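Subject: Structure handover

Hello,

The structure is below, followed by notes on what was found in it. Please read the notes with the coordinates open.

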Amino acid sequence: MQMRFDGCLGFPGGFIDAKDGSLEEGLNRELAEELGPGASACYVTENDFISSWVMESPRKIVGHFYAKRLSLGDLEQLEGGAVHAKDHGLEVMGLVRVPLYTLRDGFGGLPAFLCNNFIGSAKEQLLEALGCLGLMPQNKLEEAVRASQK
Ligand SMILES: O=c1[nH]cnc2c1ncn2[C@@H]1O[C@H](COP(=O)(O)OP(=O)(O)O)[C@@H](O)[C@H]1O
């Protein structure tokens, strides 16, 4: 995920321009602007589509969420290049890894991470992606959500 300019965590992405030929073209353009030279490792296609959502206020927005699995090598390349992205230090303050574990105290790790401020539906999207990509079993996700609410 990334720390946004407004102090909320969200996913890289942005608004589609009239010039973009498709949703995926617009998203890949935004990813290049926000993630820099390593963005090619996470080039998205229609196959990476996960879900859509509609927000009614303060302005109507239709959002489309995509997610894909990267190798650790690709992730490290992405992280290394991200500081050279056009939007780094402006809209994007840095990439953030999501801890996929819970510490022995039952709170540190993913439950504590879920207590951060998230933009829009980004927290629900994170949980959805972890399930869809097979990064964490559903029961573990539910456990982490419960622990984050205690
Ligand atoms: O990662 C995300 N997941 C879900 N919704 C998001 C995410 N990023 C942005 N949004 C939604 O889109 C709206 C506009 O996004 P953003 O604040 O980045 O654009 P803006 O800078 O043009 O206002 C946000 O207020 C939020 O509701």
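The end C-alpha atoms of residues 1–128 lie 14 Å apart, and this span is 27% helix and 17% strand. The span comes from UniProt, where an unreviewed entry annotates residues 1–128 as "domain: Nudix hydrolase". Please keep in mind that the model is predicted.

Domains

The domain assignment does not follow that annotation: the chain is divided into domain 1 (1–97) and domain 2 (99–150). Taken over C-alpha atoms, the centres of the two domains are separated by 20 Å. Domain 1 puts 14 residues into the contact and domain 2 puts in 13 residues. On the domain 1 side, the elements giving two or more residues are strand 2 (9–10) and strand 3 (49–55). Strand 3 has the largest share there, with 4 residues. By class, that side of domain 1 has 9 nonpolar, 3 polar and 2 charged residues.

Ligand

Where does the ligand lie relative to domain 1 and domain 2? Both domains give residues to the shell around the ligand, so it lies between them. The surrounding residues are Gly 10, Phe 11, Met 55, Ile 61, Gly 63, Ile 119, Gly 120, Ser 121, Ala 122 and Gln 125. Strand 4 and helix 4 (122–132) are the elements that supply two or more residues to this shell. Its composition is 5 nonpolar and 5 polar residues, with no charged residues.

Nonpolar cores

The largest nonpolar core has 12 residues: Leu 27, Leu 31, Leu 35, Ala 39, Cys 42, Phe 65, Tyr 66, Leu 78, Ala 82, Ala 85, Val 92 and Leu 95. At least two residues come from each of helix 1 (23–35), strand 4 (61–66), helix 2 (72–82) and strand 5 (92–95). Helix 1 contributes the most, with 3 residues. Leaving out residues up to four places away in sequence, Leu 35 touches Pro 12, Leu 78, Ala 82 and Ala 85. There is also a second, separate core of 6 residues, including Met 1, Phe 11, Ala 122 and Leu 130. Phe 11 and Ala 122 are also among the residues around the ligand.

Loops

Three loop positions are worth listing.

- Pro 58 is in the loop between strand 3 and strand 4. The peptide bond joining Ser 57 and Pro 58 is cis, with omega about 5 degrees. In general, most peptide bonds are trans.
- Val 44 is in the loop between helix 1 and strand 3. Is Val 44 buried or exposed? Val 44 is partly exposed, because 18 other C-beta atoms lie within 10 Å, and a residue counts as buried at 20 or more and as exposed at 12 or fewer. Beyond its neighbours within four places in sequence, Val 44 contacts Glu 24, Leu 27, Asn 28, Tyr 66 and Lys 68. Leu 27 and Tyr 66 belong to the largest nonpolar core. The C-alpha atoms of Val 44 and Gly 131 are 18 Å apart, with these positions 87 residues apart along the chain.
- Leu 70 is in the loop between strand 4 and helix 2. Leu 70 also counts as partly exposed, with 14 C-beta neighbours inside 10 Å. Its contacts, leaving aside neighbours within four places in sequence, are Ala 41, Cys 42 and Leu 75. Cys 42 is one of the residues in the largest nonpolar core. From Leu 70 to Ser 51, 19 residues apart along the chain, the C-alpha separation is 19 Å.

Regards

Key:
Residues numbered from 1 in each chain as written. Predicted model: local features only at pLDDT ≥ 70, side-chain atom pairs only at ≥ 80, totals over all residues. Core = buried A, V, L, I, M, F, W, Y, C linked by C-beta atoms within 7 Å. Contact = placed C-beta atoms within 7 Å. Domains from an automatic or database assignment. Nonpolar A, V, L, I, M, F, W, Y, C, P; charged D, E, K, R; others polar. UniProt positions renumbered as here; feature names shortened; annotations may be inferred. Near = placed C-beta within 6 Å.
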